[in-house]
Amino acid sequence: MTGPSVVLPELSEAGRSRLRELADAAGIRRIHMLGWRDLEDPEAGGSEVHASTVAALWAAAGLEVTMRSSAGVGLSSVGFRDGYRVIRRGSRYGVFPRAVAAEVTGRHGPADALVEIWNGVPFLSPLWWRGPRMVWLHHVHGPMWNMALGPLGTMGRIFEERVAPRWYRKVPVVTLSRSSETELVHQLGIPPRRLGVVEPGIDPRFRPGGA
């Protein structure tokens, strides 16, 4: 194991069996996940915690999971955490073409399904992946683009809201709340029939206490 782990909810044997049954029925044993950052990145946030938790739960159910993200200072390029493989290569923005090239050429190994985590800049998986897939899109970044990049943020916002969504209107998209679902429908034009809301729940560390 390398770096921090996530605090996993208890997964019973019945829960693991149910996950395996669902995966077997879909013909899925190996899953590749593409994300901008890894949990060990100093700038990791809720998206990385969410992805790492799901990856660890899938691994606990016996699935082979590979998480691909950008490189980080002082972080190994390949490691293992909570039962799944982590590959960190490419700069903050170089990770997008490099990850796509690695998947297309099979350098990450075979995969039965792909999870793309769209965090502002997408990996454009509908253009190059033909197997089972889903996209995790937690929210629209909107004014955050200009806060982070100044005047150049307008280009990022146009790409996120007007250009990229054209390729995602036939892809299953998962978001975390009804409010985010509304954003994706009205701001990105994602068809409601393609959207699923899967609430992440509450971390086990947060428990009621006191009177």
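In this predicted model, Trp136 touches Met33, His50, Ala51, Val54, Trp58, Val115, Glu116, Ile117, Trp118 and Val174, leaving out residues up to four places away in sequence; contact here means heavy atoms within 4.5 Å. Residues are numbered from 1 along each chain as its sequence is written, and side-chain values use heavy atoms, without hydrogens or water. As the model is a prediction, local features need pLDDT of at least 70 and side-chain atom pairs count only at pLDDT 80 or more, while totals for chains, interfaces and linings use all residues.

Trp136 also belongs to the largest nonpolar core, which has 20 residues. Such a core is a set of buried Ala, Val, Leu, Ile, Met, Phe, Trp, Tyr and Cys residues joined through side-chain atoms within 4.5 Å, where buried means under 20% relative accessible area, exposed over 50% and partly exposed in between (1.4 Å probe, protein chains only). Ile31, Met33, Trp58, Val65, Tyr84, Val115 and Trp136 touch the most other members. Two or more residues come from each of strand 1, helix 2 (46-60), strand 2, strand 4 and strand 5, with helix 2 giving the most, six residues. Helices (H or I, at least four residues) and strands (E, at least two) are DSSP runs numbered from the N terminus. A second, separate core of 12 residues includes Trp118, Ala164, Tyr168 and Val173.

Next comes the sheet. Its eight strands form an open arrangement in the order 3-4-2-1-5-6-7-8, with mixed pairing; two strands pair if DSSP finds at least two bridges between them. Strand 3 (78-81) and strand 8 (195-197) are the edges, each pairing on one side only, and the twist averages 25° from one strand to the next. Strand 3 pairs with strand 4 (residues 84-88) in the antiparallel sense over four bridges, and Gly79 stands opposite Val86 in strand 4.

Two helices lie across these strands. Helix 3 (residues 95-105) crosses strand 1 (30-34), strand 2 (64-69) and strand 5 (113-117), running at about 145° to strand 2. Helix 6 (residues 178-188) lies across strand 7 (173-175) and strand 8, at about 165° to strand 8. Axes are lines fitted to C-alpha atoms, for helices over the stretch in contact, and angles run from 0 to 180 degrees between N-to-C directions.

Ser69 has its place in strand 2 and counts as buried because its relative accessibility is 0%. Beyond its neighbours within four places in sequence, Ser69 contacts Gly35, Trp36, Arg37, Asp38, Ile87, Arg88, Arg89 and Val95.
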